[in-house]
Every structure is written in C-alpha cells, then in structure tokens.
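Visitor: I would like to learn how to read salt bridges in a structure like this one. Could you take me through them step by step?

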Amino acid sequence: MARSPIDNANSLPWHRPPGESVELLSRARDLIDDALQLYQDHESKLITEITDPHNARYTLAEAVNSANHDLLFTLPAQPDSRWNPTPGTTARARILCPPERAATLDYPDANTEVRVAAHPGADLAIVDGHTALVYTPGSGPKLLVLRHPALVNLLTTLLNHIWRTAEPLTHHTAALAARRNCPTTHQILSQLAHGSTDDAAARRLSMSVRTFRRHVADIMRDIDARSRFQAGIRLAQLGFAPSPHDLEDNDLAS
C-alpha cells in the first residue's frame, strides 16, 4: 500500500492551507479504497459498502437521525437526491457548502451552521465522530459506511480543519451582495466577457493594468474561482451579467 502524505509529521493537515487540506481529503479516498480491499474478504462490521440506491438512502437517513451531538457533512456542487442529509433537531449540524450552491442554500435552524468551502471530491458525513459515510455518485453510485476508528479519525481531522478555515455563509453572501452592487465589478465583468486584454481593459476603464489585475484577483477570491475561465462560469451561476449599458459602452470604446 502506498505511503500516505499524512504519515509525515511535517505535513499534518493543520500545517497546510485550506486548499491543500481539501486535496488531502480527496487523497483519503485512496486510503478508504485500500482499506475496503483489505476487508472485503472478511465479515467486518467496520466497513460496509452499499450499492443499492434505496438501501443507501435509508442507511444515510438512519445514520443522520442517530446523531446525538455533532453532525458534519459536505454538500455536492450539484444537488443530488441520493445525498441529501437532513439534520435532526437535537444534534448540532455543521454543513460545508460549495460556492456553487451558497446563493440558494438556507438552513434557518438554530442548531445548524453553514460554511462555504471548495468541494473535497466526495460527499462525506461524520456522525458523532464515530461513523463516517462516504458517497460516490456516478453511473455506479455507492455508499461506504465506515466505523474503522483510524479511518474515521482521519476523515474527521481533515474535515474539521476544512471547517475551521471555511467562510461562514453569511459572510460569503454579504460579499456577493456587495459585488452585485459594485459598478466597478460590472465594468470589469464587461471587459472579461468581451475577452479584452488586460492592457486594453485597463485603458478603457481609466486605471492601471496593475489595478485592473488586482480587481480581477479580488473578484476571483470572492467567488472562489481559480482561473478566469472558472470565474466566468461561477459568475454566470451566481447571476452576474454585464448590463446592456456596459456592453454598449464597451463596443463604443473598442
């Protein structure tokens, strides 16, 4: 079995920035698959694989409802009826929401807190720190129920670190609202939509190239985009669009 990067004490997840912790959490899937391979020839209650969709939904609901103290789970970038944990009324629920769904998510329950973070590559739920559920969508979806202490502790540690470094939903939505009301954001969006070079865009907006690039970087940070292409997709998902007035001004300036 390949040595995991977390075996090195100098690369523990809390020594890494949030993005790298998400990457480590994705790599943890490999550890889970290796562990499943080791246990598949034995009748073990520590790791259970469920491929039947109805059974998977029932198992997920039962595990979530059994939470007494803390339920921590991630949401996928796109809604999936097969992975839709519904927090109960007694346990504290902590939800990690991807930026793509932040604008439409609302959990008013006092026991529920939502933070925004990049999706870790798998749908995960940790129940009271002793059970982990890992859902893999696709043409052959499966749900893994993990009670192996080492694996549960690994996923809990990594997911808790992402939680601590994630942005509260209220802060995220406030930043997006400020962006929607910012004329400069719409002017820059207009330039990006037309594929203007940084030099041309800066000249049209009467700012330096350095200032234009800083504005673009700030927008990408606020919408959690890692490239300008991804920023365009994210802006469209969030309902941002250059106004007709901006487009006309841009055409006149070109």
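**Reading the salt bridges**

Guide: Let us begin with one acidic residue: Asp198 counts as buried, at 13% relative accessibility. The model is a predicted one, and in it the side chain of Asp198 meets that of Arg213 in a salt bridge, with 2.8 Å from N to O. This pair links distant parts of the chain, since Asp198 belongs to helix H7 (residues 198-204) and Arg213 to helix H8 (residues 209-222), 15 residues apart.

Visitor: Is Arg213 buried, partly exposed or exposed?

Guide: Arg213 counts as partly exposed, its relative accessibility being 46%, whereas Asp198 falls under the 20% cut-off for buried residues.

Visitor: How many salt bridges does a search of the whole structure find?

Guide: The search finds 8 salt bridges. One of the pairs is Glu49 with Lys142, whose closest N and O atoms are 3.5 Å apart. Because Glu49 lies in strand E1 (residues 47-50) and Lys142 in strand E7 (residues 142-146), the pair ties together parts that are 93 residues apart in sequence. Glu49 itself is partly exposed, with a relative accessible area of 41%.

Visitor: Which residue forms a salt bridge with Arg94, and where do the two lie in the chain?

Guide: The partner of Arg94 is Asp70, with the closest N and O atoms 2.9 Å apart; Arg94 is in strand E3 (residues 92-97) and Asp70 in strand E2 (residues 70-74), so that distant parts of the chain, 24 residues apart, are linked by the pair. Arg94 is buried, at 6% relative accessible area, and Asp70 also counts as buried, at 15%. Asp70 and Arg94 are further linked with Arg92 in a network of salt bridges.

Key:
Residues are numbered from 1 along each chain as its sequence is written. This is a predicted model: local features need pLDDT of at least 70, side-chain atom pairs count only at pLDDT 80 or more; totals for chains, interfaces and linings use all residues. Side-chain values use heavy atoms; hydrogens and water are left out. A salt bridge is a side-chain nitrogen of Lys or Arg within 4 Å of a carboxyl oxygen of Asp or Glu. Helices (H or I, at least four residues) and strands (E, at least two) are DSSP runs, numbered from the N terminus. Buried means under 20% relative accessible area, exposed over 50%, partly exposed in between (1.4 Å probe, protein chains only).
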